[in-house]
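Student: I'm new to this one and would like a close look at a single part. Could you take me through it slowly?

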Amino acid sequence: MATLKKKSIGVTAAATGTTAAGAPQAPGRAMKFCTDLEKLVLLDNFEKRGWTRGSHSWTANPRGNRAAAAMAAAADSSDEGEEMNTTGWNFYWCGVHTIHVMFSAETGFRLKEDQLVNHYPNHQELTRKDLMVKNIRRYRRELERESHPWAEKSADGSFTHLDFIPTTYILPGDYNLFVEQFKRMPNTTWIVKPTSKACGVGIFLVNRLSQLKKSTKPGAPGAAAVVGKDAFVISRYLDRPLLIGGKKFDLRLYVLVTSYKPLRAYFYRLGFCRFCSVKYSSNVSEVDNLFVHLTNVSIQKQGAEYNDVHGGKWSLDNLRLYLIGAYGQEKWDKLMSDIHWQIIHSLKAVQVAVSNDRHCFEVYGYDIIITDDLKPWLIEVNASPSLSHTTVADRIMKTRLIDDTLGIVAPNGIISDVRGPRPPVPDNLGLYDLLYDEEAVVAGERSKTKDLRPKQPVWK
């Protein structure tokens, strides 16, 4: 068997290429946008570019009818009635509800060549908790069947290089398997999450089977998450998180994917940490205290200890300075290299499942927890990372994020023919770095690639 090197995955050291191939939008024609999200960080960037709103606003409609209203507003009374109005909008930053309607078989809509949307049709293969776990499991099994060195296992049976999600079971289907594991690890705490909820809704911790059974009864705490048609996941709780100031935190990192086939992904340099407002304790008496265990801002804002000045957040750069001071540059470099590795393999795990529509791109919000041995763990991936801001620094960072995203997917306000590839344009990357370019790897253009684990990281 060949010796494994995690750095064998090629990523681009300096993005190269020309503007996207194909017929661009007609010169002089104003870009028209639509959005379901009336967020300042979006609207300011659209206005900055001189883009105008297409169709009319539908955000006043009730939430339950938002997707249908959006499609009605964007639809054209064309002869065949089956295409999106190409004169109505070119760029659509929509919510996940709208994208599901847009690409559903029932609507019959077809996007035209000068239109882009910010989600892939079945993005949930990565962003729904149970589907992400299923896809990563399948990916590892396939590599193992191929005797691929990435699927190498350690003596205890765990994956040496692909062990980056906590032990997880999907209930109710995996219930018996979970019970067996629970009995083997009787003193372990587990965290229960609904598969299709966000912002910490319906999450609770258990350390006894009776708690899980009780919570799945109608009317019990957490029951809304686990009763009904929705599945939920139960994962081994990472009870030894890295603490700063005695408090637990996680990372929110941003990844832009402009193509799945071939895979092309960008990593954004300006992530941040989200801190709990109460000092961490692994004591079983604190298992129900969400202010100790959950970093979600929507949860922490409800606590008496929440600080609305800094919002319980640190920039990624502050974390870098702290960890380098505490552990050294080499440890920081390895941590970020491990995170890059996990992101790439999570994307490769869903590559065969996600529909690669060239009208689409997506900005994912990756949530990572670091344990006290400086090992990163992928917790979940968000399809619509929050664009709300709780502080001035938050607003500045997210405004820059959207600005740099638009610079890549619609450089200079031009949407090229989506049938052609969209290679990276060096001058338009902003604070994005090209993390992985499968096309360059497959083509063997090693002069354009670098190791996944760089000696001189781009964030320095």
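How many residues of the lining of the second largest pocket are nonpolar, how many polar and how many charged?

Tutor: Happy to. This is a predicted model, where local features need pLDDT of at least 70 and side-chain atom pairs 80 or more, while totals for chains, interfaces and linings use all residues. Residues are numbered from 1 along each chain as its sequence is written, and side-chain values use heavy atoms, with hydrogens and water left out.

The lining splits into six nonpolar, four polar and six charged residues (Ala, Val, Leu, Ile, Met, Phe, Trp, Tyr, Cys and Pro are nonpolar, Asp, Glu, Lys and Arg charged, the others, Gly among them, polar). A pocket here is an open set of points on a 1 Å grid with protein on both sides within 12 Å along at least five of seven lines, and lining residues have an atom within 4 Å of a point. This pocket has a volume of about 500 Å³ (the space filled by probe spheres set on the points). If you want to find its middle, look for Arg140, Ser158, Phe159, Asp163 and Thr167, which are the closest to the centre among the 16 lining residues.

Which parts of the fold build that lining? Both α5 (129-145) and β6 (168-171) put in at least two residues each, and α5 gives the most, with four. (Helices of at least four residues, H or I, and strands of at least two, E, are DSSP runs numbered from the N terminus.)

Now follow β6 away from the pocket. It belongs to an open, antiparallel sheet of four strands, and the order is β6-β9-β7-β8 (two strands pair if DSSP finds at least two bridges between them). β6 and β8 each have a single partner strand, so these two are the edges and one side of each has no neighbour in the sheet. Going from one strand to the next, the twist averages 25° (angles run from 0 to 180 degrees between N-to-C directions, with axes fitted to C-alpha atoms, for helices over the stretch in contact).

Our pocket helix comes back at this point: α5 packs on the sheet and touches β6, β7 and β9, with its direction at about 125° to that of β6 (contact means heavy atoms within 4.5 Å). Helix α6 (residues 175-184) packs on the sheet too, touching β6, β7 and β9, and its direction makes about 140° with that of β6.

Both helices touch β7, so let's end there. What is on either side of β7 in the sheet? Its neighbours are β9 and β8. With strand β9 (residues 232-236), β7 shares five antiparallel bridges. With strand β8 (residues 204-206), the antiparallel pairing runs over three bridges. Val192 is a handy residue to click on: its bridge partner in β9 is Ile234, and its partner in β8 is Phe204. Right beside it in the numbering, Ile191 has Leu205 as its bridge partner in β8.

Is β7 buried or exposed? Five of its five residues (190-194) are buried, so the strand is largely enclosed by the rest of the structure (buried means under 20% relative accessible area with a 1.4 Å probe, protein chains only). That goes for both faces: Trp190, Val192 and Pro194 are covered on one side, Ile191 and Lys193 on the other.

Conventions: Buried < 20%, exposed > 50% of the residue type's maximum accessible area, 1.4 Å probe, protein only. 1 Å grid on protein atoms, 1.4 Å probe; cavity = no way out; pocket = protein on both sides within 12 Å on 5 of 7 lines; lining within 4 Å.
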